[in-house]
Amino acid sequence: MTKEEFPGWHGTTIIGVRKGGKVVVAGDGQVSLGQTVIKGTAKKVRRLSPGGMDVVAGFAGSTADAFTLLERLEAKLEATPGQLARAAVELAKDWRMDKYLKNLEAMLIVTDGKDLFVITGAGDVLEPEHDVAAIGSGGNFALAAARALMPSEKDAEDVAREAMAIAAEICVYTNGNLTVESIDG
């Protein structure tokens with residue numbers, strides 16, 4: 001089977017919600033290969049603590065690629081203590097220009113409680129306009145649901161959980177088995 005014929009890995013929805021002085025990152029646990037669910041309990045949201053800094057990161061895409069990017073992000077954070085924006089930009093620059101890294105297929109949502117960013121392999125470091133960021137196969141469903149829930153009385157975690165539940169009902173590559181991490185702003 002050639003790379004073009006390979007059905008590809010699917011099955012991630014990650015959301016980041018900033019509300020009420022807290023940022024929550026939630027991710028589902030499903031990993032699928034083609035039409036088959038390979039695993040339902042994957043942990044795609046991690047807490048990083050490089051140099052004593054507290055950062056939460058969620059990833060969508062190839063797991064090995066995402067772990068490579070998380071390791072690189074940790075190194076950038078150690079080199080620029082307390083500066084998530086700078087570390088994210090440095091990672092995005094390397095990701096876009098490095099011969100090896102530019103082939104990685106993943107996306108990241110990262111936060112230190114103050115900043116919330118989406119980092120892509122196209123060299124983008126995006127800050128969401130409406131305090132909600134989402135990536136992955138069900139990302140657009142979760143994003144729309146969370147944006148609709150933001151004006152409610154729900155806190156950041158409740159918004160993230162409800163948005164993920166809605167995405168799981170719509171996207172066949174997303175399940176309701178969540179990993180949720182929160183960080184104060």
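**Close-up views around strand 7**

**View 1. Strand 7 and strand 8 in a predicted model.** In strand 8, leucine 108 is the bridge partner of phenylalanine 59, and this pair offers a starting point for following the two strands in the predicted model. Strand 7 and strand 8, the latter made of residues 106-111, pair in the antiparallel sense over 6 bridges.

**View 2. Strand 7 within its surroundings.** Strand 7 spans residues 55-61, and 6 of its 7 residues are buried, so the strand is largely enclosed by the rest of the structure.

**View 3. The hairpin of strand 6 and strand 7.** Strand 6, which covers residues 45-48, pairs with strand 7 in the antiparallel sense over 4 bridges, and alanine 57 in strand 7 is the bridge partner of arginine 46. Between the two strands of this hairpin there are 6 residues, and glycine 51 takes a positive phi near 60° in the hairpin.

**View 4. Threonine 111 in strand 8.** Threonine 111, a residue of strand 8, has a relative accessible area of 0%, and because buried means under 20% relative accessible area, threonine 111 counts as buried. A polar atom of the threonine 111 side chain lies 2.6 Å from the backbone oxygen of aspartate 115. When residues up to four places away in sequence are not counted, threonine 111 touches Val55 and Val56, together with Val23, Val25, Asp54, Leu84, Leu116 and Ile183.

Technical notes
Residues are numbered from 1 along each chain as its sequence is written. This is a predicted model: local features need pLDDT of at least 70, side-chain atom pairs count only at pLDDT 80 or more; totals for chains, interfaces and linings use all residues. Side-chain values use heavy atoms; hydrogens and water are left out. Buried means under 20% relative accessible area, exposed over 50%, partly exposed in between (1.4 Å probe, protein chains only). Two strands pair if DSSP finds at least two bridges between them. A polar contact is a pair of N or O atoms within 3.5 Å; within protein, one must be able to donate a hydrogen and the other to accept it, and residues adjacent in sequence count only if both atoms are side-chain atoms. Contact means heavy atoms within 4.5 Å.
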